[in-house]
Amino acid sequence: MPSTENFPAAGGSAFPPSLLLRNLASPAVDRALSPDDRTFGRRGARNKLRVGGFICCTGSPGVWGPCATSSAQLAVAEINRRGGVLGREIELSIYDAGGPIDEVVDRAEQAIAFDEVDVIVGLHTSAVRVALRDVITRNRIPYIYTPVYEGGERTPGVIAIGETPRFQSRPSIHWLAEAKKASRWYLIGSDYVWPWHSHRAVKRYIAETGGRVVGEEFVPLGEDNHEPHLARIRAAKPDVVLISLIGTDSITFNRAFGECDLGATTLRLAGAMDETVLLGIGADNSENLFCASGYFPGIASRANDDFQSRYRTMFGPNAPPIGSLGQSSYEGLCLLEAAANQAGTLTVGPLLTAARNLVYRGARGSVAIRNGHARMPMYLAEADGLDFKLIKPI
């Protein structure tokens, strides 16, 4: 794919409306929500297990929507071929988790009440996750949140399986300090929950190395004019810019960063970065760009090779490119299957208890969940054209 691949610059849809599979705006059903009727156990009498994939299809993180949707569809097909979850075939519906948060919350309310969704698997921002927690708790619907996030999620019913700063950012910062002698850091992130809390942790990790933060700013979602940010970065003269921008915002920022020649002199460390975003940035603008993640397509393992082979067999040579953010929706459904098998039931309480301490197998290989937090191998990589070259496990 050429480095000039076009992505929406300021929050447009990352893929055509025909792929937005659900539209719950219809007023066809008008009845009050009844939390007592929404328990997972009660729905167990139905034959099919209805999973709502709340995936960002629009807005800045919508760039991950195609891979996330395909990854979820692959997981569902595989689980159903194995007989489903405890004998129940999965029925997957995709709901757009992009756009105004109040609209996403309303979409979730309607999905639970009218579509009788049994489980929610989410690939979206932490801001959406925080907003959905009340809906999930009130309706007693298991909620598996899959992408990289800020850590610390303890809401009953919410299972977060993504990378967190302690295991992703901390070893990367120490490596850059030791291997690249980096001591001056500039932090830039999107203006919402994940960057806010991640930066707090990052500052502690930078201090551990004897480094210091020479600048920090948060950018509104959808911002694509990065000249003022780049001017402040140039004036601060950091060794490293830590980037917590998401989706198309990260694409436009890193493009501009490379085009103004900062890439040749200043290192970059990105949090929510994968090959999907790298394709948008382009090979000419990815110099000195580092990323840490629990998954890269280039990881040499049987689990990863098998996952990619099955993905391409199902979706063909023009399938959405695989990246860590998108494929995490596959992992979320693998976790659901493992938790149900361990619990031996789809009743909410036992299922959630099982999900707090288990091992499941996904595209990453084996992932252990201990006390509700994922433990997985983590890797540091450097952009090499339009791919990431693995440096080392961290």
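Student: Let me start with one residue: is cysteine 291 buried or exposed?

Tutor: Relative accessibility is the number to read here. Keep in mind that we're looking at a predicted model. Residues under 20% relative accessible area are called buried. Cysteine 291 sits at 0%, so it counts as buried.

Student: And what about cysteine 67, buried or exposed?

Tutor: Cysteine 67 has a relative accessible area of 3%, so this cysteine is buried.

Student: How many disulfides does the structure hold?

Tutor: The general idea first: a disulfide is a covalent bond between the sulfur atoms of two cysteines. In this structure there are 0 disulfides.

Student: Let me zoom out. How many helices and strands are there in the protein chain?

Tutor: You'll find 12 helices and 15 strands in the protein chain. The chain has 394 residues, and 58% of them are buried. As for its accessible surface, that comes to about 15400 Å², with 49% belonging to carbon and sulfur atoms.

Student: What share of the contacts links residues far along the chain, 24 or more positions apart?

Tutor: Take the contacts with a separation of 6 or more: residues 24 or more positions apart account for 71% of them.

Student: Now the inside. How many residues does the largest nonpolar core have?

Tutor: Think of a nonpolar core as buried residues joined through their side chains. The largest one here has 42 residues. Those with the most contacts inside this core are Trp64, Ile233, Val241, Phe253, Met273 and Phe388. Several elements each supply at least two of its residues, including α6 (193-208), α7 (227-236), β8 (240-244) and β14 (379-384). Helix α8 gives the most, with 4 residues.

Student: Which residues does tryptophan 64 touch?

Tutor: Once you set aside residues up to four places away in sequence, tryptophan 64 touches a list of partners, among them Leu123, Ile246, Ala272, Val277 and Leu325. There is also a second, separate core of 41 residues, which includes Ala75, Ile159, Leu346 and Val348.

Student: How do I check the span of a helix, say α2?

Tutor: Use 1.5 Å a residue as your yardstick. Helix α2 covers residues 65-81, so its 17 residues should span 24 Å, and its end C-alpha atoms are indeed 24 Å apart. You can also ask how much of the helix is hidden: 14 of the 17 residues of α2 are buried, so the rest of the structure largely encloses this helix.

Student: Which glycine follows α2?

Tutor: That's glycine 83, and its phi is positive, near 105 degrees.

Student: Let me pick a residue inside α2. What does alanine 68 touch?

Tutor: Alanine 68 lies in helix α2 and is buried, at 0% relative accessible area. Not counting residues up to four places away in sequence, alanine 68 touches Ile55, Leu123, Gly326 and Ser329. Try comparing sequence with space, too: alanine 68 and leucine 325 are 257 residues apart in sequence, yet 7.4 Å apart C-alpha to C-alpha.

Student: Where does alanine 160 lie?

Tutor: Alanine 160 is in strand β5, residues 158-160, and is buried with a relative accessible area of 4%. Its contacts, again leaving out residues up to four places away, are Tyr145, Tyr149, Glu153, Gly372 and Ala374. Alanine 160 and isoleucine 369 are 209 residues apart in sequence and 9.6 Å apart in space, C-alpha to C-alpha.

Student: Which residues of α12 are buried?

Tutor: In α12 (residues 348-355), these are Val348, Leu351, Leu352, Ala354 and Ala355. Look down the axis of α12: its buried residues fall within an arc of 160 degrees, so they line one face of the helix.

Student: What is phi near in leucine 86?

Tutor: For leucine 86, phi is near 50 degrees, a positive value in a residue other than glycine. Leucine 86 is in the loop between α2 and β2 (90-96), and is partly exposed at 35% relative accessibility. Glutamate 116 is another case, with phi near 55 degrees. You'll find glutamate 116 in the loop between α3 (101-113) and β3 (119-123); at 23% relative accessible area, this glutamate is partly exposed.

Student: One last loop residue: is asparagine 285 buried or exposed?

Tutor: Asparagine 285 is buried, with a relative accessible area of 10%. Its place is in the loop between α9 and β10. Beyond its neighbours within four places in sequence, asparagine 285 is in contact with Asn254, Arg255, Gly258, Glu259 and Arg268.

Key. Residues are numbered from 1 along each chain as its sequence is written. This is a predicted model: local features need pLDDT of at least 70, side-chain atom pairs count only at pLDDT 80 or more; totals for chains, interfaces and linings use all residues. Side-chain values use heavy atoms; hydrogens and water are left out. A nonpolar core is a set of buried Ala, Val, Leu, Ile, Met, Phe, Trp, Tyr and Cys residues joined through side-chain atoms within 4.5 Å. Buried means under 20% relative accessible area, exposed over 50%, partly exposed in between (1.4 Å probe, protein chains only). Contact means heavy atoms within 4.5 Å. Accessible areas come from the Shrake-Rupley method with a 1.4 Å probe; for residues, only the protein chains shown count as cover. The expected span of a helix is 1.5 Å times one less than its number of residues. The arc is that of the directions from the helix axis to the C-beta atoms. A disulfide is a pair of cysteine sulfur atoms within 2.5 Å.
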